[in-house]
Amino acid sequence: MALILVIDDEELVRMTVSKALRASGFDVVPARDGPEGIALFRQCAIDLVITDVRMPGLSGPEVLRALQAIRPGVPA
């Protein structure tokens with residue numbers, strides 16, 4: 001099953017999305033912000049990233065660019 005990284009600074013959104021994905025049989029790794037999401041992406045074999053667009057610090061598009069720098073060829 002796919003491992004999904006969910007990045008969102010709002011805890012309720014992050015937990016709701018994570019819970020729904022787990023109920024559908026997916027493995028989920030939640031992250032509360034961009035830097036944490038990037039660190040988890042480096043540590044885990046993530047198959048899919050779901051990220052908030054507007055977050056303090058790093059925005060969703062900035063996070064996706066960082067992830068593509070870590071693993072070139074990752075679709076965004």
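# Asking why about this predicted model

Visitor: Where is Asp-52 found?

Guide: Asp-52 is found in the loop between strand 3 and helix 3. Those labels are DSSP runs numbered from the N terminus: H or I over at least four residues for a helix, E over at least two for a strand. Bear in mind that this is a predicted model, where local features need pLDDT of at least 70 and side-chain atom pairs count only at pLDDT 80 or more, while totals for chains, interfaces and linings use all residues. Residues are numbered from 1 along each chain as its sequence is written, and side-chain values use heavy atoms, with hydrogens and water left out.

Visitor: How do you know that Asp-52 has no salt bridge?

Guide: A salt bridge needs a side-chain nitrogen of Lys or Arg within 4 Å of a carboxyl oxygen of Asp or Glu. For the buried Asp-52, the nearest side chain of opposite charge is Arg-54, and that is 7.4 Å away. Opposite charge here means Lys and Arg as positive against Asp and Glu as negative, with His and the chain ends not counted.

Visitor: What lies 3.4 Å from a polar atom of the Asp-52 side chain?

Guide: The backbone nitrogen of Arg-54. A polar contact is a pair of N or O atoms within 3.5 Å, and within protein one must be able to donate a hydrogen and the other to accept it (residues adjacent in sequence count only if both atoms are side-chain atoms). So the 3.4 Å between Asp-52 and Arg-54 is inside that limit.

Visitor: Why does Arg-54 count as exposed?

Guide: Exposed means over 50% relative accessible area, buried under 20%, and partly exposed in between (1.4 Å probe, protein chains only). Arg-54 has 74% relative accessibility, so exposed it is. Arg-54 lies in the loop between strand 3 and helix 3.

Visitor: And why does Arg-14 count as buried?

Guide: Run the numbers again: Arg-14 has 9% relative accessibility, so it lands in the buried class. Arg-14 sits in helix 1, and its C-alpha is separated by 7.8 Å from that of Ala-31, 17 residues apart along the chain.

Visitor: What makes Asp-8 a buried residue with no salt bridge, given Arg-14?

Guide: Distance. Arg-14 is the nearest side chain of opposite charge to Asp-8, at 5.8 Å, so the pair misses the salt-bridge cut-off. Asp-8 belongs to the loop between strand 1 and helix 1 (11-23). Asp-8 does touch Arg-14, and also Val-13, Ala-31, Arg-32, Asp-52 and Met-55, leaving aside neighbours within four places in sequence; contact means heavy atoms within 4.5 Å.

Visitor: Which residue forms a salt bridge with Arg-32?

Guide: Glu-36, with the closest N and O atoms 3.5 Å apart, so this pair passes the test. A search of the whole structure finds one salt bridge. Arg-32 is exposed because its relative accessibility is 52%, whereas Glu-36, at 25%, is partly exposed.

Visitor: What caps the N-terminal end of helix 2?

Guide: Asp-33 does: a side-chain oxygen lies 2.9 Å from the backbone nitrogen of Glu-36.

Visitor: How do you know that the buried residues of helix 2 are on the same side?

Guide: Helix 2 (34-43) has Gly-34, Gly-37, Ile-38, Leu-40 and Phe-41 buried. They cover an arc of only 165 degrees around the axis, so they sit on the same side of helix 2. The arc is that of the directions from the helix axis to the C-beta atoms. The face turned away carries the exposed Arg-42 and Gln-43.

Visitor: Why do the buried residues of helix 3 line one face?

Guide: The buried ones are Gly-60, Val-63 and Leu-67. They fall within an arc of 60 degrees, so they line one face of helix 3. Arg-65 and Ala-69 are exposed on the face turned away. Strand 1, helix 2 and strand 3 (48-51) are among what covers the buried side.

Visitor: What makes up the largest nonpolar core?

Guide: Twelve residues, including Leu-3, Ile-7, Val-29, Ile-38, Phe-41, Met-55, Val-63 and Leu-67. A nonpolar core is a set of buried Ala, Val, Leu, Ile, Met, Phe, Trp, Tyr and Cys residues joined through side-chain atoms within 4.5 Å. Strand 1 (3-7), strand 2 (27-31), helix 2 and helix 3 (60-70) each supply at least two of its residues. Val-63, for one, touches Ile-7, Gly-34, Ile-38, Met-55 and Leu-58, not counting residues up to four places away in sequence.
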